[in-house]
Amino acid sequence: MKKQKMSIKRGEQTCSSSTTSSCMMRRSVRYGECQKNHAANIGGYAVDGCREFMAGGEEGTIAALRCAACGCHRNFHRREVETEVVCECSSPLSNGS
């Protein structure tokens, strides 16, 4: 099961049914430590200790899928998805008159 962080930011005003609100979802993906088992072919378990994925080339190229630190493919690195929901409410301000 993959872990997802979800945070909802709300302004000081609350939205009622007569106001308009717009919600946006922002998703950012980060690749963490390498989880490639380098000793799988001999029946063991050993990882190389690479702490974070660093792209080996410009985004959009094949080299961007290789880690500059350990040389393995991006899929071997732990994927962390952070989702943020931002809602903005627009309601007429009442001045109490």
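Is E33 buried, partly exposed or exposed? With a relative accessible area of 25%, E33 comes out as partly exposed. Keep that residue in mind, as we'll come back to it. Bear in mind too that what you have on screen is a predicted model.

Let's start with the overall layout. The chain has three strands and zero helices, so reading from the N terminus you simply get β-β-β under the helix and strand rules used here. Of its 97 residues, 16% count as buried. The exposed surface adds up to about 8000 Å², with carbon and sulfur atoms supplying 50% of that area. As for how the chain comes together, take the contacts between residues at least 6 apart in sequence: 57% of them join residues that are at least 24 apart.

Now for the charged side chains. Side chains of opposite charge can pair when their charged atoms come close. In this model the count of salt bridges comes to four. One of them pairs R30 with E80, at 2.2 Å from N to O. R30 sits in strand β2 (residues 20-34) and E80 in strand β3, so this pair ties together parts of the chain that lie 50 residues apart in sequence. Both partners are partly exposed: R30 has a relative accessibility of 39%, and E80 has 24%.

Back to E33, then. Its side chain meets that of R78 in a salt bridge, 2.7 Å from N to O. Here again the link runs between strands, because R78 belongs to β3 and E33 to β2; the parts it ties together are 45 residues apart in sequence. R78 is partly exposed as well, at 30% relative accessible area. R78 also forms a salt bridge with E80, where the closest N and O atoms are 2.4 Å apart. Follow the shared partners and you find R30, E33, E52, R78 and E80 joined into one network.

Step back one residue from R78 and you reach H77, which is in strand β3 (residues 77-90). H77 is buried, at just 3% relative accessible area. What does the side chain of H77 reach at 3.5 Å? That would be the backbone nitrogen of C34. Leaving aside residues up to four places away in sequence, H77 touches Y31, G32, E33, C34, C50, E52, F53, C67, C70 and C72. E33 and E52 are on that list, and both are also members of the salt-bridge network.

That leaves the cysteines. How many disulfides does a search of the whole structure find? The search turns up one, and it joins C23 to C87 with the sulfurs 2.2 Å apart. The torsion about the S-S bond is about 105 degrees, so this disulfide is right-handed. C23 lies in strand β2 and C87 in strand β3, so the bond ties together parts 64 residues apart in sequence. C87 itself is partly exposed, at 24% relative accessible area.

Two of the cysteines touching H77 deserve a look of their own. C67 is in no disulfide, and the nearest cysteine sulfur, belonging to C70, is 3.7 Å away. C67 is buried, with a relative accessible area of 4%. C70 is likewise in no disulfide; for C70 the nearest cysteine sulfur is that of C72, 3.1 Å away. Unlike buried C67, C70 is partly exposed, at 23%.

Conventions
Residues numbered from 1 in each chain as written. Predicted model: local features only at pLDDT ≥ 70, side-chain atom pairs only at ≥ 80, totals over all residues. Heavy atoms only, no water. Helix = DSSP H or I, 4+ residues; strand = E, 2+ residues; numbered from the N terminus. Buried < 20%, exposed > 50% of the residue type's maximum accessible area, 1.4 Å probe, protein only. Contact = heavy atoms within 4.5 Å. Areas by Shrake-Rupley, 256 points an atom, 1.4 Å probe, with all protein chains shown as cover. Polar contact = N/O pair within 3.5 Å; in protein donor to acceptor, adjacent residues only side chain to side chain. Disulfide = S-S within 2.5 Å.
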